[in-house]
Amino acid sequence: MLKNITRRPLLLGGAGLIASPAIVQAQNWPSGPIRLVVPFAPGGTTDLVARLVADQLAIRLNTPFVIENRAGATATTGSQLVADAAPDGQTLLMSNIASHAIGPSLYRNLRYDAVRSFTHIAMVITNPSVWVVNKNTPIQNLADIVRLARAQPGGMNMASSGAGSSNHLMIVQFARLMGIEYTHVPFRGAGPAMAAVIAGQVPMMSDSLPSAAAHIRSDVVRPIAMSSAQRHPSFPNVPTFREQDVDLVSTTWFSLSGPAGMPPAITERLHRETMAIITAPAMRARFAELGGDPGDMTPEQFTQFVATELERWRPIVQASGATVD
């Protein structure tokens, strides 16, 4: 007599065994074009780095990458979109210091948790910020900014890629250190802000070095200060803030993340491919040209880094008084 036998799926690979859904998902990944959400407007560092990495990932994974710019709310609009996406590796985020270290302290009603709502995959690039001015202004250094700010009621206009960005907070810190007033002019990304400075609509801006590098080299703006601890080797003629008697050092970062709960095999593959891309000689040279350094963290180290950065920036945001809701 035949007996009914209940067969339980085995969660192991191998001949005749049934793989778990997560393993099957990883084996079939990518299942189509991968969407890479950039939480800033085109033209800034986040967008630039995203496109550099996406072009190479598309080749290595043999699948198209679709860049989707979702600017707004200090990079939190695009970040929320990814936090809400299916954790299947088909939707990724170009996360950064604004979306995951500063924004959470600016928005009290933010729906995502910077650490737990994401799978943090790889640190891509770190770099200093640089202050640039319109070439037709008389500004040659930070002392000129202080002098002009004190001569104008309400201070002078100072632009950034957006309210609550790391470059906005640099302006806040600078004004507090110098005891000056200013009018912050936020844009929806570094690209539009730089265009306004070049056109003379705003006299100066604080920008991440990679997005400003080409404009500095083409001599359409004048760099006056770098936020690195020492002069940057790619721009040795640009003095640091400290050299100009302003104790201000700051580093920004740009990274790759996905929704929480991504299969470990997909996360590991993305991390491995990203690290191969950013450490290749050609990309290292491109990053150096932009004034950045490639990241070097495991997914676990990067996740801990995000938690540490979140705690580091919270008191700075609170002390600045900056708020957007």
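**Loops, strands and enclosed spaces in a predicted model**

Asn62 sits in the loop between α2 and β2 (65–69), where helices (H or I, at least four residues) and strands (E, at least two) are DSSP runs numbered from the N terminus. This is a predicted model, in which local features need pLDDT of at least 70 and side-chain atom pairs count only at pLDDT 80 or more, whereas totals for chains, interfaces and linings use all residues. Residues are numbered from 1 along each chain as its sequence is written, and side-chain values use heavy atoms, with hydrogens and water left out.

Asn62 is a residue other than glycine with a positive phi, near 55°, and its relative accessible area of 70% makes it exposed (over 50%, against under 20% for buried and in between for partly exposed, with a 1.4 Å probe and protein chains only). Ala73, in the loop between β2 and α3 (76–83), likewise has a positive phi near 55°, but Ala73 is partly exposed, with a relative accessible area of 32%. A further backbone feature lies in the loop between α1 (21–27) and β1 (34–38), where Pro30 is found; the peptide bond that leads from Trp29 to Pro30 is cis, with omega near -5°. Most residues other than glycine have a negative phi, and most peptide bonds are trans.

Taken as a whole, the chain contains eleven helices and ten strands, and its C-alpha trace spans about 100 × 40 × 30 Å along the principal axes. Of its 325 residues, 53% count as buried.

Strand β8 (residues 221–226) is mostly covered, with five of its six residues buried. Strand β4 (residues 118–134) runs antiparallel to β8 and is joined to it by five bridges, strands being paired if DSSP finds at least two bridges between them; in this arrangement Asn134 stands opposite Val221 of β8. Ser255, a residue of strand β9, counts as buried because its relative accessibility is 0%. Although Ser255 and Ile121 are 134 residues apart along the chain, their C-alpha atoms are separated by 7.8 Å.

Helix α6 (residues 166–178) has many covered positions, the buried residues including Ser166, His168, Leu169, Ile171 and Phe174. Just after this helix, Gly179 takes a positive phi of about 70°.

Helix α6 also takes part in lining two spaces, found on a 1 Å grid over the protein atoms alone: a cavity is a set of points where a 1.4 Å probe fits but cannot get out, a pocket is an open set with protein on both sides within 12 Å along at least five of seven lines, and lining residues have an atom within 4 Å of a point. The largest cavity is lined by 17 residues, and those nearest its centre are Phe40, Thr46, Ser161, Ser208 and Phe254. To this lining α2 (45–61), α4 (97–106), α6, β7 (204–208) and β9 (251–259) each contribute at least two residues.

The largest pocket has a volume of about 250 Å³, the volume being the space filled by probe spheres set on grid points that are joined across faces, edges and corners. Gln173, Leu248, Val249, Arg312 and Ile316 are the closest to the centre of this pocket among the 15 residues that line it. Helices α6 and α11 (299–320) and strand β9 each supply at least two residues of the pocket lining, and the largest share, four residues, comes from α11.

Terms used:
The expected span of a helix is 1.5 Å times one less than its number of residues.
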